[in-house]
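Thank you all for coming; I would like to walk you through one structure this morning, slowly and in order. Please have the sequence and the view open as we begin.

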Amino acid sequence: MPLRKFPLEKEKSMSRKSIHRLLLIAAISYFSALAAPVLAQDKPVKTPEQQDAENIADLVLANHIIADQGVVDGFGHVSVRSVKNPNHYFISRSRAPALVTADDIMEYDLDDNAIDPRGRSSYLERFIHSEIYKVRPDVQAVIHSHSAAVIPFGVSDVPLKPISHMGGFLISAVPVFEIRETGGNETDMLIRNKALGAALAAKLGSGSVALMRGHGDVVVGRSLKTAVFHAVYTEQNARLQAEALRLGGKITFLNEVEAAKIGAQNDVLVERPWEIWKNQAMSHAAQK
Ligand code: MN
């Protein structure tokens, strides 16, 4: 009977569709399983040696970037912790950051002994780096600079606070290191020994930035790129805050929630400015 035949055919065709769908799913699963090891091979796990080699290449770039962005001039330095030996770090020999090459990069232990100095001289203030790495296992990179715009905030009682979203990481009170508390009234202002380095590291606490009265600042990051990001935007935030203060009215800073929400994105956000800062630094170097 035609009326009974029609629904039967419909059922048949639906079940055929279901079988096709099942076959399709099975085929996708099968080929996905086949492809999985290939995809895994595309992203091989890097050895600590390979990661250190990449970090050293980025360290050379970081030197050029912080010089190009006006964070450092002839002075200042940037370091990165070793992945292979977390009790070691890499930093240039004593040289202006804009001129640093891979041959200048030296390895130090946390007692500031150079592993293979080959006659190369060390930065006088390297204790800043070693003493911070000792007490901050989360920190993978340290930058010390004489970042000009932060100096006024280190010598006055006006605190540096996040004025724009890019400075959100400044939300926890930015401490000011007073060298006279540890070194007395007759230092040359430089962190030239372990005791001064340890006092600066203690002042930094768990934060990202500490200002150094009449000297500059130290910034840290969970990665080299994050430290560079912090260094550039600390300088920029200080400049913008000083401009806002000159307007004379009431200033509205970021609140804790705003800072936390933007701060949570920083590890991803750093990639974009890093790429342009790198290109600019390289093209400026090529023009010199
Ligand atoms: Mn200095």
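**One cavity, one metal site, one enclosed strand**

Let me start with the interior: when the whole structure is searched, one cavity of 30 Å³ or more is found. I should say straight away that this is a predicted model, and that what I report today has been computed from it. The volume of the largest cavity comes to about 40 Å³, and its lining is made by Phe177, Ile179, Met189, Ile191, Met212, Arg213 and His215. Sorted by class, that lining consists of five nonpolar residues, one polar and one charged.

Please keep His215 in mind, since this residue, which is part of the cavity lining, also serves as a donor to the manganese ion through its NE2 atom. Which other residues does the protein contribute as donors of the manganese ion? They are Glu125, through OE, together with His144 and His146, each through NE2, and the donors lie 2.2 Å from the ion. Read along the sequence, the spacing of these donor residues is E-x18-H-x1-H-x68-H. Within that set, glutamate 125 sits in the loop between β3 (105–109) and α3 (127–135), while histidine 146 sits in the loop between β4 (141–145) and α4 (151–155), so that this pair, 21 residues apart, links distant parts of the chain. The two also have their own accessibilities: glutamate 125 is buried, at a relative accessible area of 6%, whereas histidine 146, at 27%, is partly exposed.

That brings me to β4, the strand that carries His144. Why do I describe β4 as largely enclosed by the rest of the structure? Because five of its five residues are buried. Ala141, Ile143 and Ser145 point one way from the strand, and Val142 and His144 point the other way, with every one of them buried. As for its neighbours, β4 pairs with strand β1, residues 77–81, in the antiparallel sense over four bridges, and with strand β7, residues 216–221, again in the antiparallel sense, over five bridges. His144 takes part in both pairings, for histidine 77 stands opposite this residue, and in β7 its bridge partner is valine 218.

Let me turn finally to the salt bridges, of which the structure holds eleven. I will begin with glutamate 54 and lysine 46, whose closest N and O atoms are 3.2 Å apart; glutamate 54 is partly exposed at 40% relative accessible area, and lysine 46 is likewise partly exposed at 42%.

Next comes a network of salt bridges that links Asp111, Glu131, Lys134 and Lys194. In the bridge between lysine 194 and aspartate 111, the closest N and O atoms are 3.1 Å apart. Lysine 194 belongs to helix α6, residues 194–204, and aspartate 111 to the loop between β3 and α3, so this pair ties together parts that are 83 residues apart in sequence. Lysine 194 is partly exposed, at 35% relative accessibility, and so is aspartate 111, at 44%.

Lysine 134 and glutamate 131 also form a salt bridge, with their closest N and O atoms 2.9 Å apart. These two lie three residues apart in helix α3, a separation of about one helical turn. Their surroundings contrast, in that lysine 134 is partly exposed at 37%, while glutamate 131 is buried at 8%.

How values were computed. Residues numbered from 1 in each chain as written. Predicted model: local features only at pLDDT ≥ 70, side-chain atom pairs only at ≥ 80, totals over all residues. Heavy atoms only, no water. Donors = N, O, S within 2.8 Å, 3.2 Å for Na, K, Ca; no water. Buried < 20%, exposed > 50% of the residue type's maximum accessible area, 1.4 Å probe, protein only. 1 Å grid on protein atoms, 1.4 Å probe; cavity = no way out; pocket = protein on both sides within 12 Å on 5 of 7 lines; lining within 4 Å. Points joined across faces, edges and corners; volume = space filled by probe spheres on them. Nonpolar A, V, L, I, M, F, W, Y, C, P; charged D, E, K, R; others polar. Pairing = 2+ DSSP bridges. Salt bridge = Lys/Arg side-chain N within 4 Å of Asp/Glu carboxyl O.
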